[in-house]
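Got your viewer open and your selection tool ready? Let's walk through this one stop by stop.

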Amino acid sequence: MTMTKAELIGRMATAANISRDQAKAALEAFTDGVVEALSHGHDVKLIGFGSFTTIERKAGVARNPQTGQAIARAASRTARFRAGEGLKSALNA
């Protein structure tokens with residue numbers, strides 16, 4: 001089962017006793033802040049929850065799964081999330 005963005009906004013609004021519009025604005029402010037920090041090369045660490053980091057991917061060769069043809073893949077940056085101890089404990093309780 002998957003929680004959608006709309007469902008998360010509803011839960012946030014209920015838990016914080018705020019309107020859905022306020023919860024949506026708060027969620028968007030959070031995600032925008034994480035994106036901005038990562039795009040500037042900064043990590044985002046939420047103690048007990050986890051951390052978002054950027055990693056550099058080297059250029060390489062990928063294969064088209066339909067044809068098997070080799071394709072050059074450019075170097076790029078991507079984001080990673082690593083769960084913190086609090087989140088791991090909650091998932092394994």
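Start by selecting Glu28, which is partly exposed at a relative accessible area of 30%. This is a predicted model, so the stops on this tour are features of a prediction. Now add Lys5: Glu28 forms a salt bridge with Lys5, and the closest N and O atoms are 3.8 Å apart. The pair ties together distant parts of the chain, since Glu28 sits in helix α2 and Lys5 in helix α1, 23 residues apart. Lys5 is also partly exposed, with a relative accessible area of 48%.

How many salt bridges are there by this rule? The count comes to two. For the other stop of this kind, select Lys88 and Glu85, whose side chains meet at 3.8 Å, N to O. Both lie in helix α3 (residues 85–91), three residues apart, about one turn of the helix. Lys88 is partly exposed at 34%, whereas Glu85 counts as exposed at 57% relative accessibility.

Next, go to the loop between α1 (5–16) and α2 (20–39) and pick Asn17. Its phi is near 55 degrees, a positive value in a residue other than glycine. Most residues other than glycine have a negative phi. Asn17 is exposed, at 72% relative accessibility.

Now show strands β3 (residues 60–63) and β4 (residues 70–73), which pair in the antiparallel sense over four bridges. Val61 stands opposite Ala72 in β4. The two strands form a hairpin with six residues between them, and Gly68 in the turn has a positive phi of about 80 degrees.

Finish on the surface: select Phe30, Leu46, Phe49 and Phe81, a nonpolar patch with about 340 Å² of accessible area together. Phe81 lies in strand β5 (residues 76–83) and is partly exposed at 38%.

Technical notes: Residues numbered from 1 in each chain as written. Predicted model: local features only at pLDDT ≥ 70, side-chain atom pairs only at ≥ 80, totals over all residues. Heavy atoms only, no water. Patch = residues over 30% accessible without salt bridge, like charges linked within 9 Å, V, L, I, M, F, W, Y side chains within 5 Å. Areas by Shrake-Rupley, 256 points an atom, 1.4 Å probe, with all protein chains shown as cover. Salt bridge = Lys/Arg side-chain N within 4 Å of Asp/Glu carboxyl O. Buried < 20%, exposed > 50% of the residue type's maximum accessible area, 1.4 Å probe, protein only. Pairing = 2+ DSSP bridges.
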